[in-house]
Amino acid sequence: MGEIGNLEQLPLHNLPSTASGPEVSLQVINVAASSMREMQSAATSTSMGVYDSSDSSGYLSEINPQEAWLPITESRNGNTVTSVFHLLSSGIGIQALLLPVAFSTLGWAWGIICLSLAFTWQLYTIWVLVQLHESVPGIGTRYSRYLQLAIAAFGPKLGKLLAIFPVMYLSGGSCVLLIIRGAGTMELFFKMMFGGEATSEDNPLVGAGWFLVFTCMAIALAQRPNLNSISGFSLIGAVTAIAYCTLIWALPISKGRPTGVSYNSQKEESGTSEMFDVLNAIGMIALAFRGHNLVLEIQGTLPSSSKCPSKKQMWRGVTLSYIIIAMCLFPVAIAGFWAYGNKIPSNGGMLTAFMQFHGHDTSKFAKGLVYLLVVINCLSSFQIYAMPVFDNLEFRYTCMKSKRCSWWVRTGFRLFFGALAFFIAVAFPFLPSLAALIGGIALPLTLAYPCFMWISIKKPRQKGHGVMWCLNLGLGCLGMVLSVLLVVAAVWNLATKGLHANFFHPE
């Protein structure tokens, strides 16, 4: 590919004037090939970022102007450090505190094995996405959005069918869950500051009021223009996530285990119930890793050149960030299970267990700090998870108007999304109870689709790459089977334990 590209760039008048016969034929073929490539490049530039490597600075310059109008690709001045901030902020979430609950079902050995396998698997799929971001060397095509890559791999119809719902849920749905959890933690923080004795006059806000306060704070912070400009918020989100994950396992270890802690696996007598409990535990581990829907978007903020493609900086950022993520998640799972064993509550995980068993002998400052860190982390994570939604809204606008969004249009879109997310949070405050079900449906986006995309785009079965073909096919099929099993287990869990569907009545 590189040699053909170099031949095509040779000016025609530099060929010898006496050229004839085969030389003239070769000259005509080169001109025709160049024209065909230009036509193909122009045809694809409307749906993805296409770049011209002729920029004197060495970096690939954009041909499609729409890419420079949208929040995700408006600024490509990021670096390895900013990518680490974004990956940490999007990769560590409150669901990591449920890992000890999974260990209470699986036990020590299988819990550590499943957590290690899930970590390795999802890290491999991130590597695949990083490689596919610029999947055709020399042409400069960059897939800076997950949906773009899905369409390129599976075609317009199948790509949209497979990817739209998971991407919507993992972006907009995550923002709704952050409102519910962040607002609930704000309320707990307020009650703790008043010693649990606050009256209705001292605490005039009810559940919906706290949702509104959190949403207003999140949308007020969401006025930054593009993904690269919120690296400061991502830094705060990363620091707070690391801090509360560390505190939540370090404090119980320092205070000792409650009496009567057991490490025997919690399994029901029925074989069917036992199987579904194990599947639910595996689901908790699989859903503890998040952020795959943002990997391509984060890489889209990095500059790229033919000598230094963005995948090099991005993979350095992924390596650094996931070392830190492993240092957070593994201690939470292992130390949390050591501290509470089978006493850990299934709802709330480590945070609820700590307040229940060690809240009485822990200072108000330490408890308040944990709550405050969780709230700040939810506000910071909201910014990066909302960015794909903002990008999609502005994409529709720029397609219709063929111009960049003005500041008041951009602000209007963000206010609209904040109002919509607030309405959904108030209407369905029980959404966290459905996280396992919906997360199981969206799980292929993390574990399966990247493998199938690699097969479709790279075609590794050709030229002796049968090992990569078999590996990706096996992981992709296993990911789809696991997704189906987790959905069935979540439905079984809801059918046996019930669902407290408090519509329009947040508590």
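Q: Over which residues does pLDDT stay under 50?
A: This is a predicted model. Where pLDDT is low, the predicted coordinates should not be read in detail. The chain averages a pLDDT of 84, and 82% of the residues score at least 70. The stretch with pLDDT under 50 has 57 contacts beyond four places in sequence, and it covers residues 1–61.

Q: Which helix gives the most to the largest nonpolar core?
A: This core holds 122 residues. Tyr146, Phe382 and Met453 touch the most other members. With 16 residues, the top contributor is helix 4 (residues 99–132).

Q: Which residue of helix 17 that touches helix 18 is also touched by Tyr146?
A: Tyr146 touches Leu445, Tyr449, Pro450 and Met453, among others. Helix 17 meets helix 18 through Tyr449, Cys451, Phe452, Trp454 and Ile455. The name found in both lists is Tyr449.

Q: At what angle do helix 17 and helix 18 pack?
A: Helix 17 spans residues 449–458 and helix 18 spans residues 466–497. Their crossing is left-handed. By class, the contact has eleven nonpolar, two polar and no charged residues. The axes lie 8 Å apart, at an angle of about 145°.

Q: Is Ser402 buried or exposed?
A: Ser402 sits in the loop between helix 13 (364–401) and helix 14 (407–427). Its phi is positive, near 55°. Exposed means over 50% relative accessible area. Ser402 has 53% relative accessibility, so it counts as exposed.

Q: What is the phi of Phe504 near?
A: Most residues other than glycine have a negative phi. Phe504, in the segment after helix 18, has a positive value, near 55°.

How values were computed: Residues numbered from 1 in each chain as written. Predicted model: local features only at pLDDT ≥ 70, side-chain atom pairs only at ≥ 80, totals over all residues. Heavy atoms only, no water. pLDDT = per-residue confidence, 0-100. Contact = heavy atoms within 4.5 Å. Axes fitted to C-alpha atoms, helices over the stretch in contact; angles between N-to-C directions. Helix = DSSP H or I, 4+ residues; strand = E, 2+ residues; numbered from the N terminus. Left-handed = near helix turned anticlockwise from the far one by under 90°. Nonpolar A, V, L, I, M, F, W, Y, C, P; charged D, E, K, R; others polar. Core = buried A, V, L, I, M, F, W, Y, C linked by side-chain atoms within 4.5 Å. Buried < 20%, exposed > 50% of the residue type's maximum accessible area, 1.4 Å probe, protein only.
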